[in-house]
Amino acid sequence: MNGSFDVPAVCTPQCAAHSAPPVPLPEAARRAAAFTGAVGRALAAGPHLADPVRLGAHARGLLAALAVGLEVRGAGAAGPLSVPGPGGRAPAAARAPGTLIVLNHVSWLDIVALLAVEPAVLVAKREVGRWPLVGGLARRAGTHFIDRTSPRQLPRTVRELSALLLAGRSVAVFPQATTWCTADQGGFRRATFQAALDAGAPVRPVTVDYAQQGRPTTVAAFCGADTFAASLRRVLGARGLAVRVTVHPALPTAGRGLDRRALAAAAERVVLGGGRVAFDGGRVPGRTGQALGTYL
């Protein structure tokens, strides 16, 4: 069901293609068995899966079962994505806010890769909760589901995200609201950036892309009318697949006099273009983005 602030998919399943010969069927079958076992172990953790240490370990186990490598590059590669607050045990009123982590969106594997690097509260459309395997994991991991078919719920969603950030939780969002086959397309919606501004929370831009044997690939893309089963089959057969997570310097918000338009445009340029953006509190030139990319 499409909502009034859904983004129409431009990429299609035909965009997804191997850039290296697929592995033999016996190897793909072995990976499928390993992945099923890893999912079962994660689901068996029940509500304990939301524990950050367990969640990160299970996410890394899922990638290993799929034979998907994980490369973390850029600022913060040796540490967490969240921007550290002041040291010591500060009272709740003085607690540093969490970090709004914003990523481009290529595949369902983006979620697994992010959780493998640093478990955070994920924000996803409610349909994800009904996906086979991944949906159950998302629910147990404490994902915050939103209903994109109901614009009236948007202000409440922003308030809820702001409250999570104020409580010191890091929140990860995919502001494109749809998937693209490569990491340089699409546009960022603005609403979730308002939550960061309201909480005075820093924004951590992150770029996710995929390679096979060191060459760019679209094989992991999950776009348009694609099904989870078809996407999983491609991933199971992908030779030398790696997900690359590039962590960019954080964008501060507190005391900067920004609005969500400028903040979203700055984050979009960094994530999709890989460049640095300097704030002066005023307007930030950005990419055109999608025609409907203005709400969430």
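Here, buried means under 20% relative accessible area. With that in hand, these are the close-ups, taken from a predicted model.

**View 1. Strand E2 has buried side chains on both sides.** Leu100 and Val102 point one way from E2. Ile101 and Leu103 go the other way. Whichever side you look at, these four residues are buried.

**View 2. E2 pairs with both E5 and E6.** On the E5 side (residues 171–173), the pairing is parallel and runs over 3 bridges. Pick out Val102 here: its bridge partner in E5 is Val173. Now turn to E6 (203–212), which is joined to E2 by 4 bridges. These two strands run parallel as well. Leu103 of E2 has Val206 as its bridge partner in E6.

**View 3. The largest nonpolar core takes in 53 residues.** Leu66, Trp108 and Leu109 are the ones to find, since they touch the most other members. Several helices and strands chip in two or more residues each, including H1, H2, E2, H4 and E6. Further along the chain, helix H7 (228–237) and strand E8 (241–247) do so too. The biggest giver is H3, with 7 residues. As a bit of background, nonpolar side chains in soluble globular proteins tend to be buried together.

**View 4. Leu66 and the residues it touches.** Leaving out residues up to four places away in sequence, Leu66 touches Trp108 and Leu109, the two residues named alongside it for touching the most other core members. Leu66 also touches Arg31 and Phe35. Leu232, Val235 and Leu236 complete the list of contacts.

**View 5. A second core sits apart from the one around Leu66.** This separate core has 30 residues. Among them are Ala195, Leu251, Ala266 and Val271.

**View 6. The largest cavity holds about 210 Å³ of space.** Of the 20 residues lining this cavity, Leu62, Ile111, Val112, Leu115 and Leu137 are the closest to its centre. Four helices each supply at least two lining residues: H1 (25–44), H2 (52–65), H3 (109–117) and H4 (134–140). H2 gives the largest share, 5 residues. What is the lining made of: nonpolar, polar or charged residues? It's 18 nonpolar and 2 polar, with no charged ones. In total, the structure holds 3 cavities of 30 Å³ or more.

Notes: Residues are numbered from 1 along each chain as its sequence is written. This is a predicted model: local features need pLDDT of at least 70, side-chain atom pairs count only at pLDDT 80 or more; totals for chains, interfaces and linings use all residues. Side-chain values use heavy atoms; hydrogens and water are left out. On a 1 Å grid over the protein atoms alone, a cavity is a set of points where a 1.4 Å probe fits but cannot get out, and a pocket is an open set with protein on both sides within 12 Å along at least five of seven lines; lining residues have an atom within 4 Å of a point. Grid points are joined across faces, edges and corners, and a volume is the space filled by probe spheres set on the points. Ala, Val, Leu, Ile, Met, Phe, Trp, Tyr, Cys and Pro count as nonpolar, Asp, Glu, Lys and Arg as charged, and the others, Gly among them, as polar. A nonpolar core is a set of buried Ala, Val, Leu, Ile, Met, Phe, Trp, Tyr and Cys residues joined through side-chain atoms within 4.5 Å. Buried means under 20% relative accessible area, exposed over 50%, partly exposed in between (1.4 Å probe, protein chains only). Contact means heavy atoms within 4.5 Å. Two strands pair if DSSP finds at least two bridges between them.
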